[in-house]
Amino acid sequence: MSLARRWPLPLVLLLTAVACKEQGAQGPAAAGGGGAVIGAALSLTGPAASYGAQQRAGIQAALDDVNQGGGVKLTPLIEDDASTKEQGITVFQKFINRDKVSAIIGPTLSNTASAADPLAQQAKVPVLGISNTAATGITDIGNYIWRDSLTEAQVIPGAFKKAKEKLQFNTAGVLYGNDDVFTKAGYDVMQKALADQGVKVVGTQTFAKPDRDYNAQLTALIAAKPDVLVVSALADNAASIVAQARQRGWTGPILGGNGFNSPAFIKNAGAAAEGVMVGTSWNSLSQDPANQKFLAAMKKAGVNPDQFSAQAYTGVIILAEAIRQSGGKTGREDIEAGLGKLKDLETPLGKFSFTPGRDAQHEPSVQQVKDGKFQIVQ
Amino acid sequence: MTDLFLAYESLFAFVGINGLLALSVYATLCCGQLSLANAGFMAIGAYTGALITLRAPGVPFIAALAASALAPALIAVPLGLPVLRLRGVFLAIATVGFGEVVRLFFVNWDYTNGALGLVAIPQRTHLWTIALALALALYVLGRLRGSRTGYALEAIREDETAARTMGIYTTGHKLAMLVLGAALAGLAGGLEAHHTFMVAPGGFAFGRVVDMLVQAVVGGTAAFYGPVVGAAFLTVLPEVLREAGARLGLAPGPFRLFLNGAILLAVILYLPNGLVSLPARFRRRARGMA
Amino acid sequence: MGQQALNGVFVGSIYALFAVGYTLVFGVLDILNLAHAAVFTLAAFIALALVDAHLPLWLALPLAVAAAGLIGIVLERLAFRPLRGRADSNISGLISSLAMATVFEAIALQIFGPDISRFPQGTFPDRMIRIGGASASLLQLCIVGTSVVLMAVLTLLLARTRLGRQIRAVAESPRAARILGVNVDRAIAMAFFLSSALGGAAGVLFGLAFNSISPDVGRSVELKGLAVIILGGMGSVPGAVVAGFALGLIEVFTVAHLGSSFRDAVSFAVLFLVLIARPRGLFGRAAAREA
């Protein structure tokens with residue numbers, strides 16, 4: 001009855017798996033010519049797959065631009081974290097210990113980040129988050145964790161203040177996605193911003209990300225007769241919510257969070273998007289050369305630019321600059337030091353710097369949909 | 001070599017945790033009950049352990065783990081009494097419902113930050129902790145196999161009415177296994193929370209318990225260690241496929257998903273008693289040829 | 001109030017159509033077909049692909065529904081028939097349908113990508129209609145109408161036609177049906193065709209209604225579908241219809257009065273209550289209790 005005799009199969013499998021990896025091993029990740037290997041952990045399958053796809057497009061566009069520019073050479077290693085923390089951890093460990101990357105970009109979801117980033121911190125590998133918007137639990141992990149994604153806390157208060165000035169509202173009905181970290185974190189901030197502005201919330205409803213039918217919630221909110229509808233949702237839900245709100249007879253203003261910031265939102269909501277006001281971390285209309293370069297690169301790749309791809313593109317630019325800041329050296333400590341020196345970098349997000357807490361710092365903006373396009377609200 | 005080990009340390013950890021989870025489903029399967037509540041039990045255990053560690057940092061890890069196992073076990077009793085009377089698919093659906101209710105509870109509970117979950121949990125689980133827990137679970141289930149209780153469970157699985165007529169206290173046995181499964185799932189949850197630094201409701205959706213069931217069945221319920229074999233196989237498989245996919249130049253993602261489904265189908269159709277029945281099959285074939 | 005009732009009828013009609021297929025297969029085979037939601041999703045994508053290929057809507061929809069039915073036949077042949085006769089066919093059927101669901105999702109992901117796909121603008125005329133004090137879009141009314149018609153057709157088919165009688169005979173007892181000369185294999189295959197066609201129809205209508213199709217779109221209906229068939233009674237088609245509308249209305253009024261966080265929890269609360277108090281649901285006949 002010896003167990004040892006019955007374990008051959010999984011043992012063989014494990015050994016095969018290990019053997020497969022051994023053959024692919026390339027030793028330390030110096031990809032010739034002083035280039036740096038950057039690991040990108042993105043959600044390419046699972047619930048966050050659409051963001052991961054956008055991020056991958058942004059990263060590849062940035063790599064083309066950076067590598068063609070000469071000087072710094074970056075080699076990407078893109079892996080799928082399947083929108084789960086287990087895969088995120090596995091991918092991070094592979095990057096850190098097997099591929100020996102110089103830095104890691106990602107992961108897509110804040111939940112995955114709070115599970116995987118600590119490993120990088122322990123191993124002293126710099127991580128640059130490009131879409132982690134949870135207010136706490138990301139950069140607090142340690143000094144090797146950085147991010148270029150503005151949290152809603154940095155965007156919403158200013159946006160709501162401006163909106164209140166322009167629209168003069170006193171009551172609000174709120175709808176938010178309560179099962180997704182992006183939208184829940186956004187809601188927490190919106191709630192506080194509304195309270196700070198002295199706005200009374202007359203109704204709060206929630207939805208879950210897979211939902212497609214918001215009629216019940218919207219009908220209930222509209223019945224409470226708020227001055228304005230406030231929505232924390234991601235682009236796809238947002239488009240349907242706005243369309244259904246108009247169908248249910250809502251003619252008043254709608255305020256959205258970061259998630260609305262996508263041309264896909266306008267395209268899919270159609271006429272219903274008119275007048276929607278959005279606080280955004282990426283000014284899609286910016287005429288800055290850095291943004292124009294990004295837009296051109298995305299157009300060439302045939303991908304709709306959005307906040308996720310903009311932040312991903314910026315992430316690569318930031319890493320390239322960090323390498324430049326440390327004299328072209330591509331080790332982990334060099335990049336870490338370079339990130340610390342980075343200041344006022346021209347990026348598609350605007351002039352970018354890090355806060356002392358390694359969070360992102362750049363000017364957010366408020367946009368409104370007019371004539372089927374986003375316009376800046378002064 | 002140590003780098004190689006480090007690169008796969010978490011993989012081994014997940015194999016162990018998934019092994020515990022697969023065993024927790026097996027606990028009810030061996031008396032013929034398909035209970036799909038274990039993602040909910042795991043969530044309860046994970047949150048209990050995490051809350052204790054975060055809010056009462058002086059409490060030793062072993063106590064937090066014990067609480068992770070105890071909390072769902074206690075909840076399993078009032079759940080089991082009404083629900084274990086249902087047969088087959090109805091029990092499965094009721095337990096799926098329970099799991100979803102637990103998940104929704106945590107999504108809506110502000111004390112645990114809803115969807116954001118609890119983060120920055122100190123990493124107190126090591127590989128040896130998981131190995132120890134797994135060994136304990138295997139020991140308990142292994143001892144059960146040849147014992148009187150084990151025979152009673154088999155009898156219940158074969159024909160519950162007959163077992164009852166023979167004088168076996170079927171409700172008690174079924175409830176006991178449900179509680180055992182809950183404790184194992186809760187323990188796995190506590191271990192995982194202290195390994196991955198965080199716990200959030202998204203990790204306890206319907207898909208999670210489906211994974212546990214699949215691992216138990218693919219490994220095979222004929223042997224008490226079958227579920228662990230299944231867990232090892234199906235946890236390592238995505239990594240193997242990741243390499244294979246990269247080698248073949250395929251985009252990561254859909255290909256792995258496809259193979260996952262295809263392999264599962266192949267096993268369930270052609271190897272119904274799971275992977276552990278493979279050696280027996282080979283032996284039979286070899287004997288047949290001789 | 002009236003608006004919410006309309007909302008409830010609308011979402012209920014889709015739940016009902018989805019659940020009818022679910023319960024049909026259970027009634028016939030005593031197996032829960034977890035790939036039903038995947039067929040729902042695939043049908044929506046097929047309809048989208050046909051419309052993108054410039055087929056008119058009135059042609060694309062029935063074609064997508066027929067395709068879904070065919071997928072159902074393939075599903076039965078691949079994943080369920082080999083398992084018939086096995087002692088643990090409940091569990092193994094569950095798992096093999098799960099495997100097929102994964103395969104279908106992978107195919108959808110590969111062909112259409114993870115992003116949300118939409119019907120092109122203007123696929124369906126955009127008109128609002130006022131009923132009493134409430135408003136509904138023409139699309140919503142058509143969907144409710146189509147659902148009801150399809151369910152009525154199925155009920156008639158089961159009650160009046162020879163095929164329907166054969167299916168019901170197999171549902172009652174496959175052995176007796178075979179002795180009586182019914183081609184059991186064919187009846188089961190046809191049951192799957194009907195079930196998947198209806199599930200597919202639900203998917204197509206859902207896709208049209210909300211214009212937001214992605215590989216995971218079946219997930220939101222999958223678990224609700226379980227609550228519906230339990231409430232209605234496993235194996236009972238009229239039960240699924242009534243329960244579908246009932247659940248839609250219950251959900252909508254929960255949102256209106258308790259808030260949306262409770263909405264999904266209410267479905268499961270209903271599920272539990274039914275299972276504990278009256279496991280066979282409103283119209284079910286299958287024995288649901290051990291003792």
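This section describes the contact between chain C and chain B, and then helix 9 of chain C, in a predicted model.

The contact between the two chains is formed by 43 residues of chain C and 36 residues of chain B. About 3700 Å² of area is buried between chain C and chain B, and carbon and sulfur atoms give 78% of this area. No salt bridges are counted between chain C and chain B. The number of residue pairs in polar contact between these chains, with both residues at pLDDT 80 or more, is likewise zero.

On the side of chain C that touches chain B, at least two residues each are supplied by helix 3 (57-80), helix 4 (89-112), helix 9 (219-232) and helix 11 (263-277) of chain C. Helix 4 of chain C provides the largest share of this side, with 15 residues. Classified by residue type, the side of chain C that touches chain B comprises 31 nonpolar, five polar and seven charged residues.

Helix 9 of chain C, one of the helices that supply residues to the contact with chain B, was also examined for its length and burial. Its 14 residues should span 20 Å at 1.5 Å a residue, and this agrees with the separation of 20 Å between the end C-alpha atoms of the helix. Of the 14 residues of helix 9 of chain C, 13 are buried, and the helix is therefore largely enclosed by the rest of the structure. The residue that follows helix 9 of chain C is C:Gly233, which has a positive phi, near 105°.

Conventions: Residues are numbered from 1 along each chain as its sequence is written. Chains are lettered from A and ligands numbered from 1 in the order in which they are written. This is a predicted model: local features need pLDDT of at least 70, side-chain atom pairs count only at pLDDT 80 or more; totals for chains, interfaces and linings use all residues. Side-chain values use heavy atoms; hydrogens and water are left out. Contact means heavy atoms within 4.5 Å. Buried area is the accessible area (1.4 Å probe) that two parts lose on being put together, summed over both. A salt bridge is a side-chain nitrogen of Lys or Arg within 4 Å of a carboxyl oxygen of Asp or Glu. A polar contact is a pair of N or O atoms within 3.5 Å; within protein, one must be able to donate a hydrogen and the other to accept it, and residues adjacent in sequence count only if both atoms are side-chain atoms. Helices (H or I, at least four residues) and strands (E, at least two) are DSSP runs, numbered from the N terminus. Ala, Val, Leu, Ile, Met, Phe, Trp, Tyr, Cys and Pro count as nonpolar, Asp, Glu, Lys and Arg as charged, and the others, Gly among them, as polar. The expected span of a helix is 1.5 Å times one less than its number of residues. Buried means under 20% relative accessible area, exposed over 50%, partly exposed in between (1.4 Å probe, protein chains only).
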